[in-house]
Structure formats: structure tokens, C-alpha cells
Amino acid sequence: MSEYLAAARAWLAQDPDPVTREELSGLIARVEQGDAAAADDLADRFSTRLAFGTAGLRGTLGAGSNRMNRVLVAQAAAGFAAYLRERSSGGTPTVVVGYDGRRNSDVFARDSVEIFAGAGLHAILLPRLLPTPVLAFAVRHLGADAGVMVTASHNPPDDNGYKVYLGGADDGAQIVSPADAEIAAHIQRIADDGDVTILPRSVGYANAPESVVEAYVAATAAVAPAPAGAAGLRWVYTAMHGVGWETVSRVLESAGYPQPVVVEAQIHPDGRFPTVAFPNPEEPGAMDLAFETARAADAELIIANDPDADRLAVAIPDTETEGGWHRLSGNEIGLLLGWRAARAAAAAGTGGTLACSLVSSPGLQAVAEHYGLDFRATLTGFKWISRAPGIVFGFEEALGYLVNPDVVRDKDGISAAVALLGMATEARAQGRTVADLLREFRETFGAFASDQISVRVTDLSEIGGIMASLRAQPPVTVGEIAVTRVDDLLHGVDGLPPGDVLRLWLEDGSRLIVRPSGTEPKLKLYLDVQAGSAKKAHRRLAALRAGAEELLVAARS
């Protein structure tokens with residue numbers, strides 16, 4: 001315990017934040033008084049540090065090297081600055097920084113630009129809290145060498161994060177290996193050097209002009225200008241306590257769509273996220289207020305963004321569902337938007353690639369083949385999806401969609417919302433609904449059905465244990481269906497980089513994929529089936545789910 005106390009005191013001496021200083025001082029005092037729970041807490045904070053990887057940094061706010069705080073962010077900013085200078089070949093790198101409405105996002109962003117400027121970089125701060133897609137856009141629009149977005153997206157309220165993009169040859173996409181390891185090495189060197197208070201800082205950074213946001217709004221509105229069927233559309237929008245609404249409303253006005261009825265309790269940024277347990281549209285209960293608002297407004301459609309507006313959720317009326325509304329799955333939305341992109345590419349005769357993560361619906365490949373387009377399955381994450389050669393559309397089942405790759409090389413819940421509104425209102429002009437579009441898709445390409453089992457843990461070693469168990473004894477059946485092949489992506493499969501993923505192919509053509517979440521303490525199981533009709537697909541999916549749950553129980557025992 002003495003080593004953790006020493007580390008804590010050294011941390012305390014360099015911490016500029018009075019909140020975390022007070023938190024850590026109290027914890028040290030309790031440890032010195034013999035409090036065992038405090039000792040465990042201190043060990044958790046200082047026995048390791050938040051790892052910098054291809055997702056950047058993400059973790060719980062608080063004091064210590066294993067938490068998100070101003071010391072850790074200062075180390076990350078200084079390390080990233082050193083990396084950028086190293087790869088700049090003598091020039092002056094430009095880095096643009098954005099932030100959302102989470103606790104301390106603005107503080108972390110200003111610390112970063114001051115450290116970037118102090119390191120001799122041309123640092124640019126976005127004009128106010130804005131969605132992640134605006135930052136991703138700004139990297140390319142400004143010709144920057146890099147970008148940083150301070151956000152934890154849809155994570156729990158006590159989390160924050162540090163998301164990193166590279167310009168130049170990386171074209172404004174999120175970092176991938178080996179950049180992550182190289183940046184991490186620079187950050188570790190800064191941490192080993194000790195006191196962040198001696199890092200040079202400067203207020204000589206630039207503030208990005210409003211024209212950057214205006215350019216994003218114009219480019220996004222151009223994705224799908226409102227057709228005649230948009231007039232009179234009754235719809236509901238929620239920002240999930242995030243930063244989406246200001247930008248979304250401007251895009252809607254520019255594109256010509258009617259303004260929605262908003263979920264008032266969730267429309268303004270609030271880092272406490274008071275109306276939801278998890279600010280993620282996928283989580284049970286997160287869209288209850290949107291459903292309530294839609295019922296009162298007799299709405300035809302619900303659109304939701306997550307807190308940093310890089311994800312999109314959609315719900316449609318459904319008389320067979322309790323409450324009268326059904327949230328579409330990420331795969332359903334992705335297949336509709338992929339269909340839209342494929343038709344546009346085929347009509348233009350330009351060709352191109354449809355891409356999705358390997359855990360997303362195989363239906364996108366069927367769409368690509370139907371229209372003579374290329375298809376690419378990638379590892380999970382838009383850092384991989386956005387790099388698919390010739391991409392015209394990409395998605396992942398976790399509500400992420402890339403519909404405008406020439407403008408934003410990342411998932412973008414705002415441009416995806418515009419694209420979806422375009423599809424919905426074009427159908428509306430023909431007297432049809434989004435439900436009708438889904439039926440037409442099934443009639444054209446077949447019935448694809450997907451499901452997910454998500455296991456949240458408090459001890460990450462449990463996830464490693466389950467994956468190890470499945471590797472040691474690969475299942476020969478899932479339920480009553482034989483497993484015909486097991487792909488262990490740790491060794492690289494189909495030209496994909498190695499990843500901690502197991503993919504099981506079943507005799508009836510079904511697929512089960514098991515992987516740890518890259519951003520949350522979860523193990524995820526992805527289930528996909530295809531059949532000739534929706535009823536058959538859902539029966540097959542129910543059987544696959546039951547078998548997967550049995551498999552999970554056996555692996556945990």
C-alpha cells in the first residue's frame with residue numbers, strides 16, 4: 001500500500017483541479033487511518049492507468065491514473081503533441097479540439113489546446129460544445145493534422161473520454177495501430193517525467209470561426225434535401241441530454257424539413273443525464289419519454305441522437321407493441337440506409353463499397369451483390385469501417401452510420417438522420433411508411449433478423465475467463481444446431497487484423513459472434529439469421545438466442 005500512497009501524494013502535488021484534490025486528500029487520510037475500503041479504492045486508482053488505445057481514452061471521472069481527470073488529460077495532450085511533432089517532418093502540426101456537454105469536457109478541451117499551443121502546435125478550439133461529427137468534419141475541412149474530441153459518447157454519466165483523429169493520409173479518421181501504441185509511448189514518457197505543472201502552456205490558440213459549423217450544416221443538409229412528402233410530417237426528436245439539437249435544428253431548416261416536436265426534458269445538454277439510467281438509445285427505458293411525447297403528438301416517426309450525436313436511433317408506430325411504438329434495431333436502420341446508398345451509386349454508375357463491422361447484419365452484403373457493388377466486412381469500429389476502399393456507405397449495428405464519407409470519415413448521427421428523413425418522406429409522398437420500406441427490403445433481399453445478448457460485468461477478468469473457456473472448448477452445437485466452423489480472429493481471418501472475437505457458423509446458415517465491448521465493461525453476443533420470411537427468421541432467431549444463452553451459462557460456470 002505504501003507505493004500507492006506515494007503515487008497518490010505525487011499525483012496530488014500536481015493536480016490543478018480542486019475537486020479531485022479534495023477527493024484524493026480525503027481518500028489518503030482514510031487510508032492512513034486504516035480504512036480497508038479506502039485502501040482498496042486507492043489501489044484501484046493507482047495500480048494501473050487508463051490505457052490509451054484506438055478508442056483513445058475513456059473512463060470514470062475522478063482522481064488517479066486509472067480515472068479521467070486533468071492530470072491524465074494533460075499527460076495525454078503533451079504526449080499526443082510530441083507524437084504529432086515527431087511525424088510532422090519539421091512543419092508545424094495543426095490540431096483541432098472539440099468537446100461535448102459532459103462534466104469537465106470543456107475543461108479538458110481547454111487544457112488540451114493550451115498544452116498543444118505551449119508545445120508549439122497550431123491549436124484550434126471549436127467555438128462551443130458541439131457534436132462529435134462536427135469535430136470529425138472540422139479535421140478535414142480545416143486541413144488539420146489531427147483532432148481531439150472530448151466525449152464519452154453514450155457511456156454512463158460519470159464517464160468522460162478523449163477521442164483522437166488523424167488527418168493527412170488518414171483522411172480525418174480515428175487512429176488505428178500502430179499510431180495508438182506510438183502515442184501511448186509518448187504519453188507514458190510524459191507521465192514518467194512527473195509533474196504536469198511544468199508542461200509549457202499557452203493561451204495563443206485559435207478559436208475556430210462559426211463558418212466551420214456553417215459548412216458542416218450545409219454539407220449535411222445536402223445529404224437529402226426535403227422532398228415534397230416532408231410537408232406536414234409529424235415527428236419527435238430527442239437529444240438524450242446531449243449536444244445534438246442546436247446543430248440538428250439548423251440542418252433541418254437548411255434542408256427544408258419541418259421542425260419536430262422535441263422531448264423537452266432531454267433536449268438541452270445536461271451532463272447529469274437526469275431522466276435516463278444510461279444515456280444510450282439502445283438501453284431499456286432510454287426512449288420512454290420520446291414514446292410518451294410521440295403518443296401525445298400523434299407522431300409518425302421518432303428520431304433520437306445519443307449525447308454526442310454520432311449515433312442515430314429511430315422508432316416507428318407499431319400497434320402490436322406495448323405502448324404503440326417500436327425502436328428499430330441498428331441493423332434495420334443500417335440496411336435501409338445501405339439500400340439507399342446502393343441505389344444512388346447504381347443510378348450514378350459510380351460503383352463503390354458498402355462496408356459494415358463483422359458483427360453487423362450480413363444483409364448489407366446481399367444489397368451490395370444485388371447492385372454490383374463491392375462489400376467489405378471490418379473489425380468493429382468506424383476507425384476500420386471508414387477505411388474501406390471506395391466506401392460510399394458504412395454502418396455498425398450499435399446505431400452508427402456513415403452516409404457522407406466525402407465529408408465526415410466517422411459515424412454521424414445527424415447526417416444519418418437527414419438520410420433517414422429523406423427516405424421516410426419520399427415514402428410518405430407515395431402513401432407509404434418506414435414499415436412499408438422494411439417489408440419491401442425483405443421482399444427484395446430476404447428476411448434478415450438479428451439480436452444481441454449483452455452481459456455487463458463489474459470484474460473485467462470475468463470477460464477474459466468466458467473468452468478463454470470458449471476457446472479452450474469450442475462448442476460443437478448451439479442449441480440443437482451444429483456448429484460447422486469456428487473462426488478465432490485472434491489469429492486473423494479473412495484478411496482482418498487480429499481481434500478478440502470468436503465467430504461461429506451454424507449448419508442452418510446462422511451466425512453467432514462473441515466479443516468484449518471496446519468501450520464498456522460488457523461481453524456481447526451477436527446473433528444473425530436469414531430465412532425466406534420474417535416469421536421463419538424470428539423463429540430461427542429465438543432458437544439461436546436460447547442456445548446462445550445456454551452456451552453463455554456453461555462458459556461462466
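Is D494 buried or exposed? In this predicted model, D494 is exposed, with a relative accessible area of 62%. The residue sits in the loop that links β19 (481–488) to β20. Its phi is near 55°, a positive value in a residue other than glycine. Most residues other than glycine have a negative phi.

D298 also departs from that pattern, with phi near 50°. This aspartate lies in the loop between α10 (288–297) and β10 (301–305). D298 counts as exposed because its relative accessibility is 52%, and the cut-off for that class is over 50%. Most peptide bonds are trans. The bond joining S177 and P178 is cis, with omega of about 10°. P178 belongs to the loop between β6 (173–174) and α7 (179–193).

The domain assignment divides the protein into domain 1 (1–47), domain 2 (53–58 + 68–208), domain 3 (210–445) and domain 4 (447–556). Domain 3 and domain 4 have C-alpha centres 26 Å apart. Their contact draws 19 residues from domain 3 and 19 residues from domain 4. The size of an interface is often given as the accessible area lost when the parts come together. Between domain 3 and domain 4, about 1,500 Å² is buried. Carbon and sulfur atoms give 62% of that area. On the domain 3 side, the residues that lose the most area to domain 4 are L358, V359 and L379. Together these three account for 35% of what that side buries.

The UniProt record, an unreviewed entry, annotates residues 50–190, 215–315 and 330–441 as "domain: Alpha-D-phosphohexomutase alpha/beta/alpha". Residues 50–190 are 38% helix and 21% strand. The end C-alpha atoms of that stretch are 14 Å apart. Over residues 330–441 the figures are 50% helix and 17% strand. Here the end C-alpha atoms are separated by 15 Å.

Helix α4 spans residues 70–86. At 1.5 Å a residue, its 17 residues should cover 24 Å. The end C-alpha atoms are 24 Å apart, which agrees with that expectation. N69 caps the N-terminal end of α4. A side-chain oxygen of N69 lies 3.2 Å from the backbone nitrogen of V71. Of the 17 residues of α4, 15 are buried, so the helix is largely enclosed by the rest of the structure.

Helix α6 (residues 132–141) is likewise largely enclosed by the rest of the structure, because eight of its ten residues are buried. The buried residues are T132, P133, V134, L135, A136, F137, A138 and V139. They pack against three strands and three helices. The strands are β2 (94–99), β4 (146–150) and β5 (159–166). The helices are α8 (210–221), α9 (244–255) and α14 (413–429). Just after α6, G143 takes a positive phi of about 65°.

Within α6, A138 counts as buried because its relative accessibility is 0%. Leaving out residues up to four places away in sequence, A138 touches V96, L126, G143 and V212. One of these contacts, G143, is the glycine with positive phi just after the helix. P225 lies 87 residues from A138 along the chain, and their C-alpha atoms are 22 Å apart.

W505 lies in strand β20 (residues 502–506). The tryptophan counts as partly exposed because its relative accessibility is 24%, and the buried class requires a value under 20%. Beyond its neighbours within four places in sequence, W505 is in contact with A482, V483, T484, R485, D487, S510 and R511. With D487, the side chains make a polar contact at 2.9 Å. L460 is 45 residues from W505 along the chain. The C-alpha atoms of W505 and L460 are separated by 27 Å.

Definitions and conventions
Residues numbered from 1 in each chain as written. Predicted model: local features only at pLDDT ≥ 70, side-chain atom pairs only at ≥ 80, totals over all residues. Heavy atoms only, no water. Helix = DSSP H or I, 4+ residues; strand = E, 2+ residues; numbered from the N terminus. Expected span 1.5 Å × (residues − 1). Buried < 20%, exposed > 50% of the residue type's maximum accessible area, 1.4 Å probe, protein only. Polar contact = N/O pair within 3.5 Å; in protein donor to acceptor, adjacent residues only side chain to side chain. UniProt positions renumbered as here; feature names shortened; annotations may be inferred. Domains from an automatic or database assignment. Contact = heavy atoms within 4.5 Å. Buried area = accessible area lost by both parts, 1.4 Å probe.
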